[in-house]
Amino acid sequence: MPRRKLVKVNKANNRLWWVFVVCIAVIIADQIMKIWVKTSFYMGEDLPITSWWHLKFIENNGMAFGLELWNKFVLTFGRIIAVGIFIWFVFRIRFAENLRLGFFIAIALITAGAAGNIFDCVFYGVIFNNPMPPQIAQIIPPDGGYAGWFEGRVVDMMYFPFFDFYWPEWIPGIGGTYFEFFQYIFNIADASICVGVCLLIFFYSSDASKAFNLIGKKVIKESDSQNEKD
């Protein structure tokens, strides 16, 4: 194999290796935290770590930060399709020139975050029960899980109530109402998605443009076919 081509193949393999490592690391960390919280906290339990960082156990149907939008099955299968598209995308651009490694890591963070929440949706309804507080959930309960396949709820626990206050009474519409920043509760998978998106927006937007422009070009197709032949 010519040296130039060997360097290109090695670079592509290095990119795929980093994507794999980041995805596995995020998914394992996310699932360890979720299983620990699910089997150690009762629903709604709030454990203050500091004044601005709590572990608070809640569940939701699958949207990031506990948002409740769309049908449960639509969310789950939509996320599975999205992960498949991201994996296909990474393989298609692995030989592309002028794409930085950080861009692939950002894509890996988004992919891993989406995949992490898939495990909850697909499996958690079957492998956990969902007792009333203050009872704590069991893994593989003798009476079965709380829902069927693809009907599990996503576990959230990361809560950062940085500050809160009441709006002054004289402000129209919101006067006298309570405000808290940051009120959303999320998990490691959600954080991974947000970090990946922020990296793309603030540091790798040019790489994203190049990747999308290259995705259908003949140069990538030729690189893929040449690699298969070798």
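Contact here means heavy atoms within 4.5 Å. With that convention in place, the tour below moves through a predicted model, from the whole chain to the sheet, then to a helix residue and a cavity.

**The whole chain**

Begin with the full chain in cartoon representation. The chain holds 6 helices and 6 strands, and from the N terminus their order reads α-β-β-α-α-β-β-β-β-α-α-α. Switching to a surface view displays about 13000 Å² of exposed area, 68% of which is supplied by carbon and sulfur atoms. Of the 230 residues, 39% count as buried. Among contacts with a separation of 6 or more, 71% are made by residues 24 or more positions apart.

**The sheet**

Next, select β1, β2, β3 and β6. These 4 strands make up an open sheet in the order β1-β2-β3-β6, with antiparallel pairing. The edges are β1 (46-48) and β6 (185-186), each of which pairs on one side only. In general, the strands of a sheet pair through backbone hydrogen bonds, in either a parallel or an antiparallel manner.

Cross the sheet from the β1 edge. Strand β1 is joined to β2 (residues 54-60) by 3 bridges, and the two run antiparallel. To find this pairing in the viewer, select Asp 46, which stands opposite Lys 56 in β2.

Continue from β2 to β3, a pair that is antiparallel over 5 bridges. Here Leu 55 has Met 158 of β3 as its bridge partner. Colour β3 (residues 154-159) by accessibility: this strand is mostly covered, with 6 of its 6 residues buried.

The last step leads from β3 to β6, where 2 bridges join the antiparallel strands. Met 158 appears again at this step, its bridge partner in β6 being Phe 186.

**His 54 in strand β2**

Return to β2 and select His 54, which is found in this strand. Is His 54 buried or exposed? His 54 counts as buried because its relative accessibility is 14%, and the cut-off for buried is under 20%.

Show the surroundings of His 54. Beyond its neighbours within four places in sequence, His 54 is in contact with Asp 46, Leu 47, Pro 48 and Ile 49, and also with Met 157, Met 158, Tyr 159 and Pro 161. A distance label between the C-alpha atoms of His 54 and Met 157 should read 7.9 Å, although the two residues are 103 apart along the chain.

**Asn 117 in helix α3**

Now select helix α3 (residues 101-127) and, within it, Asn 117. The relative accessible area of Asn 117 is 1%, so this residue is buried. Which residues is Asn 117 in contact with, leaving aside its neighbours within four places in sequence? They are Asp 30, Lys 34, Arg 79, Val 154, Asn 187, Ala 189 and Asp 190. Of these contacts, Val 154 belongs to the range of strand β3 (residues 154-159) visited above.

**The cavity**

Finish inside the protein. Rolling a probe the size of a water molecule over the atoms shows where empty space is left. The count comes to 1 cavity of 30 Å³ or more, and the largest cavity has a volume of about 40 Å³.

To display its lining, select Lys 38, Phe 41, Tyr 42, Met 43, Phe 57, Asn 130, Pro 131, Gln 135, Ile 136 and Ala 137. By class, this lining comprises 7 nonpolar, 2 polar and 1 charged residues.

Methods
Residues are numbered from 1 along each chain as its sequence is written. This is a predicted model: local features need pLDDT of at least 70, side-chain atom pairs count only at pLDDT 80 or more; totals for chains, interfaces and linings use all residues. Side-chain values use heavy atoms; hydrogens and water are left out. On a 1 Å grid over the protein atoms alone, a cavity is a set of points where a 1.4 Å probe fits but cannot get out, and a pocket is an open set with protein on both sides within 12 Å along at least five of seven lines; lining residues have an atom within 4 Å of a point. Grid points are joined across faces, edges and corners, and a volume is the space filled by probe spheres set on the points. Ala, Val, Leu, Ile, Met, Phe, Trp, Tyr, Cys and Pro count as nonpolar, Asp, Glu, Lys and Arg as charged, and the others, Gly among them, as polar. Buried means under 20% relative accessible area, exposed over 50%, partly exposed in between (1.4 Å probe, protein chains only). Accessible areas come from the Shrake-Rupley method with a 1.4 Å probe; for residues, only the protein chains shown count as cover. Two strands pair if DSSP finds at least two bridges between them.
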